[in-house]
Every structure is written in C-alpha cells, then in structure tokens.
Amino acid sequence: MNNLVKGEKHDWEMVIGLEIHAQVKSNSKLFSSSSTKFGSLPNSQVSLVDAAMPGMLPVINKYCVEQAVKTGVGLNAKINNYSVFDRKNYFYADLPQGYQISQYKYPIVGEGKVTIDFKDGTSKDIRIVRLHLEQDAGKSLHDQNPSKTYVDLNRSGVALMEIVSEPDIRTPDEAGMYISKIRSILMYLDTCDGNMQEGSLRADVNISVRKPGEEYGTRCEIKNLNSIKFIKQAINYEAKRQIEILESGGSIEQNTMLFNTSTGKTRPMRNKEEAHDYRYFPDPDLLPLEISEEEIGKIKSSIPELPDELKNRFIETYKLSNYDASVLTAEKQTSDYFNETINSDSELKNHAKIVVNWITSELFSLLNKNNLDLNNSPVSPENLGQLIKLISTNEISGKIAKDVLEDMFSSGKTARQIVDEKGLQQVTDQDEIAKVIDEVIAENPKMVEQYLAGKDKLLGFFVGQAMKLTKGKANPKILNDILKSKLK
Amino acid sequence: MKIDKNTINKIARLSRIKLDDKESEDYIKDLNSILDWVEQLNEVNTENVEPLSNISSSILPKREDVSNDTNSSEEILENAPDKLEGFFAVPKVVE
C-alpha cells in the first residue's frame with residue numbers, strides 16, 4: 001500500500017500520534033461528589049473542591065479508578081499496581097486550582113495496543129504508550145462579549161482518561177480508524193459515552209513529515225479536535241503546510257496549533273516565549289494510588305465481549321468477511337441489532353450476509369435520511385428478520401422488499417402485514433409469467449424483430465415491460481429464463 | 001543552583017505576580033538562602049533510594065461514585081466580582 005504524499009520535489013510520509021481525551025462515564029467527578037451530567041445550568045454542579053476554595057481536599061472516586069483499569073484491559077495494556085497523581089501547573093480562567101491534577105511519571109496504565117482493520121482485509125496494530133487519569137477543566141465562552149470571557153465550571157473536575165498512542169499512524173484515514181476503534185472499545189466497556197459532539201471524546205494530534213526511511217521530523221501538535229472529519233482535515237492541511245515549508249528550504253518549528261473548523265486551516269496557538277512550563281510535581285494532597293492484583297483480576301472478570309472478540313466470533317459462526325464483521329462490531333448498537341435480528345428466526349443463520357447487507361445498507365440509509373439511529377429505529381430487529389425471511393424464502397423479491405421496508409419504517413407495520421395487505425407476494429408460477437411474456441411479445445413485434453436481429457440490449461426492455469404488467473412481482477430469475485427461451 | 005534575575009522574572013511571570021526591582025532583589029536573596037539551606041540534603045547519599053511521593057504510610061482513601069444533586073450556582077458565584085446568567089465573567093482571555 002502506498003501511503004506517501006506527493007510533494008513538488010519528492011514523496012513524503014506522515015508520522016502521526018494521537019492523544020485522546022475520553023471523559024469517564026461516572027455519576028460524580030474524579031475528586032468530588034458533584035454530578036457529571038451534561039447540559040445542566042452553568043455552575044450548578046460545582047462543589048467547593050471543584051471551585052478550588054481554600055482548604056478543600058480531593059478524595060478520589062473509586063469507580064473512576066475501576067473504569068480506567070477496565071479501559072486499560074480493553075486496550076490490551078499493562079495495569080500498574082502503583083501510580084501517582086501530579087500537579088500540572090498552568091494559569092487559565094477555567095482552571096480554578098491553577099493546576100490540573102494529572103498523572104505524569106507513574107500513570108495508572110502502561111503499554112498496550114489496538115488493531116485497526118482495512119477494507120482490503122488487512123489490519124495493523126497501533127501501539128499505546130499509556131493511559132492516565134486526570135481532571136477536566138471548566139468551559140470558557142469567548143464569543144459572547146467583546147471584553148469578557150464567561151466561565152462555567154460544571155465540567156471542572158470531571159474524570160478524563162488520556163490515551164496516548166505511539167507515532168504509528170501514517171495516514172489521515174488510519175487516524176480516523178484508530179479513534180473510531182478506541183471509541184468503539186470504550187463504548188463496549190461502557191467506560192465513556194463516546195459522544196464527540198458533547199466533547200466526551202476529543203483528541204490532540206501530533207504530526208510530522210519525513211522522507212520515507214529517514215528519521216522523524218519536527219512535529220506540531222493540533223489541539224482539541226472533536227470530530228473524525230476535523231481530525232482528517234486538520235492532518236491533511238498541516239502535512240501540506242509542513243511539506244511546503246520543507247520543500248522551499250525552511251524548517252519546521254515545534255508548535256502547538258489550533259484548527260479553524262470553518263476555514264479548514266491550522267494556526268499556531270502560542271509562541272515559544274509563552275510556551276507552557278508545567279512544573280509537574282507529586283500532589284501532596286493525594287497518596288499514591290495502589291491497586292492489587294486481586295482487584296485487577298476482579299475487574300478483568302467483569303469485562304464484556306469486546307469488538308475484536310465479537311468480530312472473530314461473527315466470522316467463525318456466520319462465515320462473514322473480516323470487513324463485514326468489523327463494520328457490524330464497530331458500534332455496540334449495531335452488533336446488538338445484528339444479534340437480535342439473526343436470532344429472531346433460526347433460518348436466518350444461513351443468510352447472515354443478507355442480514356448484514358439489509359442492516360448496513362438499506363436500514364442505515366433510511367435511518368440516516370430521517371436523522372435516526374438504531375437505538376430509535378422504527379423497525380425492530382424481529383421485524384427486519386421477518387422481512388429478510390420473506391426474501392430468503394422467495395416470497396417477495398429483493399426489489400419489492402425495499403419498498404416494504406420503507407413502508408414498515410413509516411407505518412410501523414410488520415413485513416407480513418404489508419405484503420398480505422398489498423398482495424406483494426412474488427409470482428413464481430411459470431405459467432402465469434409465461435402468459436405475461438406472451439402478451440409483451442405480441443404487443444411489440446418490431447422490438448422482437450430487432451432483438452432477434454442481434455440487438456441484445458432490448459432484453460432489458462422486455463423484462464421491464466413484463467415487470468410492469470406484474471407490478472414488479474414476477475420472480476426476476478424465472479422471468480429472465482422464460483423470456484430468453486421464448487425469444488430464440 | 002543559583003537564582004538570578006532571569007529566573008526570578010520567570011517565576012514571577014508563571015505565578016502572575018508583578019515584582020519591582022527592589023522586590024526582585026529581595027526575593028533573589030531570600031530564595032537563594034533557602035536553596036542553600038536545602039542543598040545541604042545533597043550531602044546525603046541517596047543512591048538506590050526511590051523518590052518518596054508521600055511521607056504517610058496510610059492508603060489512599062476512596063469515595064463511592066455517588067453524586068449529590070444540590071444546585072451549587074448561587075453559593076459558588078457568591079464571591080465572584082462579576083457574573084452574568086450564572087456564568088463567572090472574567091476579563092477576556094484568548095489563546
């Protein structure tokens with residue numbers, strides 16, 4: 001596979017690493033009992049700890065620790081029995097403490113890896129450096145008033161997991177697949193809700209370019225990207241910018257960049273002089289975090305079937321392709337829906353590929369059109385299963401089934417009801433179809449002449465006419481066969 | 001290690017404290033004497049000794065994941081010099 005970018009002078013390779021910030025799914029914050037609910041009134045979920053009132057002390061949330069360990073296990077990573085909380089010092093209006101409690105030298109989770117799957121059936125491992133626990137900051141609104149910034153501290157102190165990858169990613173697509181995979185693992189584990197729009201999952205991207213085979217170049221970091229589309233756009237723009245500088249003889253300055261979502265461009269966030277000096281040191285308010293093997297074992301045993309295991313099971317049981325199985329397992333709601341559909345009738349197990357297609361193309365496109373997702377699909381797995389059974393038993397044609405699905409979608413009726421009410425059963429009776437074909441042939445003598453003279457394309461015309469007369473209900477294969485035999 | 005004018009200016013900027021020349025001089029002197037005193041620790045041989053992050057031998061106390069449902073807005077904003085619609089209002093910060 002060629003992953004190189006063409007420059008003016010020669011080819012370049014992108015070297016990309018991601019730092020993903022995933023909000024821990026928990027009721028209360030990492031070090032206080034305030035609620036973590038999204039979208040509440042500003043500053044309504046702020047304890048004296050979150051507002052950094054003098055004398056307040058942090059007490060760690062046991063469940064957040066378990067969630068981090070669970071995630072570590074899901075990332076095939078080493079869980080550290082001993083980790084330490086540090087203060088990362090910086091000055092900003094939405095950080096009342098003046099420091100973020102984070103983990104620096106001793107993170108809770110060490111090295112791991114995740115696998116991404118390509119369309120052509122190949123796959124690639126992306127190595128994880130570490131996962132650590134830290135506090136989220138508050139939210140600042142800059143665009144409401146020309147001279148003021150408004151601060152909401154509801155998010156201040158919510159637990160975050162920062163997941164850092166090695167620079168193993170080589171293309172914007174791989175970056176997208178990697179973050180999708182992490183999101184999927186987090187959602188199966190139920191350790192993060194994965195909602196990128198609400199900012200529960202966001203990423204910083206480190207990127208540099210090099211001539212293939214050479215040492216890594218100087219990298220820039222693009223901060224705070226909250227959609228896969230933006231991540232890809234930002235990488236493409238930044239790589240192009242770096243290549244242009246290098247090809248015109250310049251050098252890359254290590255910098256932190258912001259991505260403007262409306263212009264699609266990156267720009268430096270702060271200059272070197274003001275570069276942050278975080279002065280990490282162990283937080284004297286918190287003892288080291290110790291986790292026993294026994295506790296780790298208990299958490300491990302609570303872990304559900306993860307996307308990769310499920311994918312392999314689907315490939316084994318239903319003989320699906322690696323790609324189909326990875327599409328099905330990318331989101332938990334999709335694999336749940338598939339499971340329910342295929343288990344709704346014992347016959348369907350032999351038609352797994354058809355089930356996949358009807359979910360991932362027909363149903364998905366209807367849901368998309370109506371701004372819905374599988375969780376609120378008007379068509380239940382059982383009803384889709386019933387429809388697919390009608391197709392697999394040749395009771396209705398695939399073409400008619402599409403109309404039936406649309407009808408099911410809007411009316412809420414079952415496939416059986418619709419087929420019976422509208423009399424959509426496929427016509428498979430040879431005599432009946434032959435009769436219709438005779439009619440078509442009799443009505444179009446000129447066309448028949450042309451066809452017999454070698455204009456093969458006209459076959460489609462005859463099929464169309466016959467279908468029209470049967471209101472699309474004739475079995476296409478039988479229709480074709482009879483038509484060909486009659487037009488010899 | 002010696003604290004000089006550049007270092008003191010950097011520390012002051014990181015702490016968001018404004019120092020005039022006289023104050024800078026005083027702090028340089030004070031900080032240097034503190035550092036000299038602490039530097040006596042260098043006389044101790046610490047080879048093969050892991051850094052200690054806390055002197056307590058007790059175990060980190062943990063909380064159950066229970067959230068309280070109190071609305072903190074009024075109490076939290078009580079001392080704010082400026083506020084609007086439940087938000088803290090601060091001088092504009094743009095990165």
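The legends below describe close-up views of a predicted model, beginning with chain A as a whole and then turning to single sheets, a helix and the contact between chains A and B.

**View 1. Overall extent and fold of chain A.** In this predicted model, chain A holds 15 helices and 17 strands. The C-alpha trace of chain A spans about 95 × 55 × 50 Å along its principal axes, and the radius of gyration of chain A is 29 Å, where a compact globule of 488 residues would have one near 23 Å. Of the 488 residues in chain A, 40% are buried. When contacts in chain A between residues at least 6 apart in sequence are considered, 68% of them join residues at least 24 apart.

**View 2. The open three-stranded sheet β6-β5-β16 of chain A.** Three strands of chain A, in the order β6-β5-β16, make up an open sheet with antiparallel pairing. Strands β6 (99-102) and β16 (281-282) of chain A stand at the edges and have a single partner strand each, so one side of each is left without a neighbour in the sheet. Strand β5(A), residues 86-89, is joined to β16(A) by two bridges in the antiparallel sense, while four bridges, again antiparallel, join β5(A) to β6(A). The position of R87(A) can be followed to both neighbours, for R87(A) stands opposite F281(A) in β16(A) and has I101(A) as its bridge partner in β6(A). For D86(A), the bridge partner in β16(A) is P282(A).

**View 3. Strand β11 of chain A and the two strands that pair with it.** Strand β11(A), residues 159-165, is mostly covered, with five of its seven residues buried. Strand β2(A), residues 11-23, is joined to β11(A) by five bridges and runs antiparallel to it; in this pairing H21(A) stands opposite E162(A) of β11(A). Strand β8(A), residues 123-135, is also antiparallel to β11(A), and seven bridges join the two. Here I128(A) is the residue that stands opposite S165(A) in β11(A). In a regular strand, the side chains alternate between the two faces of the sheet.

**View 4. Helix α5 of chain A, with its buried and exposed sides.** Helix α5(A), residues 307-318, has twelve residues and reaches 16 Å from its first C-alpha to its last, which is close to the 16 Å expected at 1.5 Å a residue. The residues P307(A), D308(A), L310(A), K311(A), F314(A) and Y318(A) of this helix are buried. These buried residues cover an arc of only 165° around the axis, and therefore they lie on the same side of α5(A). An α-helix has 3.6 residues a turn, so residues three or four places apart point the same way. On the other side of α5(A), E316(A) and T317(A) are exposed. The elements that cover the buried residues of α5(A) include strand β7 (112-117) and the helices α2 (172-189), α6 (322-330), α7 (332-342) and α8 (352-369), which belong to chain A. The residue that follows α5(A) is K319(A), which has a positive phi, near 55°.

**View 5. A four-stranded sheet with strands from chains A and B.** The open sheet shown here has four strands in the order β9(A)-β10(A)-β3(B)-β2(B), and its pairing is antiparallel. Its edge strands are β9 (139-141) of chain A and β2 (83-84) of chain B, each of which pairs on one side only. Between the chains, strand β10(A), residues 148-152, is joined to strand β3(B), residues 87-91, by four bridges, and these two strands run antiparallel. Among the residue pairs of β10(A) and β3(B), K148(A) has P91(B) as its bridge partner, and T149(A) has V90(B).

**View 6. The side of chain B that touches chain A.** The contact takes 40 residues from chain A and 32 residues from chain B. On the side of chain B that touches chain A, β1 (62-63), α3 (73-77) and β3 of chain B each supply at least two residues. Strand β3(B) gives the most to this side, with four residues. Sorted by class, the side of chain B that touches chain A has 14 nonpolar, ten polar and eight charged residues.

Key: Residues numbered from 1 in each chain as written. Chains lettered and ligands numbered in written order. Predicted model: local features only at pLDDT ≥ 70, side-chain atom pairs only at ≥ 80, totals over all residues. Pairing = 2+ DSSP bridges. Rg over C-alpha atoms; globule rule 2.2 N^0.38 Å. Buried ≥ 20, exposed ≤ 12 C-beta atoms within 10 Å, placed from the backbone. Contact = placed C-beta atoms within 7 Å. Nonpolar A, V, L, I, M, F, W, Y, C, P; charged D, E, K, R; others polar. Expected span 1.5 Å × (residues − 1). Arc of directions from axis to C-beta.
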